[in-house]
Amino acid sequence: MKKYCIDLTVKEVKHINEKYVLIVLTDDKPLPEMKPGQFVEVKVENSPATFLRRPISINDVDYAKNELHLLVACIGEGTKHMGMLKSGEKLNIMLPLGNGFTLPESKEKKHLLIGGGVGVAPLLFLGKKIKEMGGEPTFLLGARSEKDLLMIDYFEKVGRVFITTEDGSKGEKGFVTNHSILKNENFDFISTCGPKPMMAAVSKCAEALGIECEVSLENKMACGLGACLCCVEKTKDKGNICICTEGPVINAKRLNW
């Protein structure tokens, strides 16, 4: 896919909670084609300590409104500055980068989307694409507690939502791999994103159940174009690969968990 480096306009910054913001961007020209699972590289202005662009997953693309949505965890110098953006300001972005998730072969295929923490971000766009195909996505979202769950109301508009929390404050208590839906229903495919230990556990669970599984890795990145070799991951079939170019989405069976 063709890549672009463009200045987008901040339409709105929604504060999800004290840590996360949803940045809504737009442009006077139609946004380029993007796929669920791809990411963008954001140039952070007015932050002297931020030298490199920040990789952010594509949370959603609303082509009718010409909007790009980015869910950002404001935990570092660069992302904290992003959280302070105001409507009307410009944000320079490289997009779309990386490879996306595999879409179901047909609407009859049952697709389970598992996310943890900010890893839920790319799953919303994927779920919307599955729904557009006539399918019904099922989301299994996990967090430490109810207050750490993100954008549940957004996901409920797209498909079925099941929840786990480690303290039992919402949904079933435990980890996503312990949820009863994995025992009570059969799925054809799993897509997952979140902390690496969680994705490793989901991968092993999928393998045990005989379900194909793709994971979206969140390796540290710098250039986003495969030049700096910052995001290298070892695979079983091709040795070391750059996740920014051959990922971030990759079949779980290729990885050395």
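Here are five short exercises, each with a worked solution, on the predicted model shown above.

**Exercise 1. Cis peptide bonds**

Find which peptide bonds before Pro 96 and Pro 248 are cis or trans, and place each proline in the fold.

*Solution.* Begin with the backbone between Leu 95 and Pro 96: omega is near -15 degrees, and the bond is cis. Pro 96 belongs to strand S7, which covers residues 90-97. Now move along to Gly 247 and Pro 248, where the bond is again cis, with omega near 0 degrees. Pro 248 sits in a loop, with helix H6 (243-246) before it and strand S16 (249-251) after it. As a reminder, most peptide bonds are trans.

**Exercise 2. Two asparagines with positive phi**

Take Asn 46 and Asn 66, and decide whether each is buried or exposed.

*Solution.* First, the backbone. Asn 46 has a positive phi of about 60 degrees, and Asn 66 has a phi near 55 degrees. For context, most residues other than glycine have a negative phi.

Next, the location. Asn 46 is in the loop that links strand S3 (39-43) to strand S4 (54-57), while Asn 66 is in the loop from strand S5 (60-62) to strand S6 (67-73).

Last, the accessibility. Asn 46 has a relative accessibility of 69%, so it counts as exposed. Asn 66 has a relative accessible area of 14%, so it is buried. The cut-offs used in this step are over 50% for exposed and under 20% for buried.

**Exercise 3. The nonpolar cores**

Describe the largest nonpolar core, and say which element gives the most to it.

*Solution.* Start with the residues. This core has 29 of them, and those with the most contacts inside it include Leu 112, Ile 114, Val 202 and Cys 213. Then ask which elements give two or more residues: among them are S7, strand S8 (111-116), helix H5 (196-209) and strand S13 (212-216). H5 gives the most, with five residues.

For a closer view, select Val 202. Beyond its neighbours within four places in sequence, Val 202 is in contact with Ile 114, Val 176, Thr 177, Ile 190, Thr 192 and Cys 213. There is also a second, separate core of 24 residues, with Val 40, Val 61, Cys 74 and Leu 85 included. A general point to keep in mind is that nonpolar side chains tend to be buried together in soluble globular proteins.

**Exercise 4. The cavity**

Work out how many cavities of 30 Å³ or more the structure holds, and what lines the largest cavity.

*Solution.* The count is one. The volume of the largest cavity is about 40 Å³. Its lining consists of Gly 117, Val 120, Leu 141, Gly 142, Ala 143, Asp 148, Leu 149, Leu 150 and Ile 152. Sorted by class, the lining has six nonpolar, two polar and one charged residues. Strand S9 (residues 138-143) gives the most to this lining, with three residues.

**Exercise 5. The seven-stranded sheet**

Trace the sheet of seven strands and name the edge strands.

*Solution.* Follow the order S11-S10-S9-S8-S12-S13-S16; the sheet is open and its pairing is mixed. The edges are strand S11 (172-173) and S16, each of which pairs on one side only. Now look at S16 and its partner: S13 and S16 run antiparallel and are joined by three bridges. To see one bridge pair, find Glu 214, whose partner in S16 is Asn 251.

Definitions and conventions. Residues are numbered from 1 along each chain as its sequence is written. This is a predicted model: local features need pLDDT of at least 70, side-chain atom pairs count only at pLDDT 80 or more; totals for chains, interfaces and linings use all residues. Side-chain values use heavy atoms; hydrogens and water are left out. Helices (H or I, at least four residues) and strands (E, at least two) are DSSP runs, numbered from the N terminus. Buried means under 20% relative accessible area, exposed over 50%, partly exposed in between (1.4 Å probe, protein chains only). A nonpolar core is a set of buried Ala, Val, Leu, Ile, Met, Phe, Trp, Tyr and Cys residues joined through side-chain atoms within 4.5 Å. Contact means heavy atoms within 4.5 Å. On a 1 Å grid over the protein atoms alone, a cavity is a set of points where a 1.4 Å probe fits but cannot get out, and a pocket is an open set with protein on both sides within 12 Å along at least five of seven lines; lining residues have an atom within 4 Å of a point. Grid points are joined across faces, edges and corners, and a volume is the space filled by probe spheres set on the points. Ala, Val, Leu, Ile, Met, Phe, Trp, Tyr, Cys and Pro count as nonpolar, Asp, Glu, Lys and Arg as charged, and the others, Gly among them, as polar. Two strands pair if DSSP finds at least two bridges between them.
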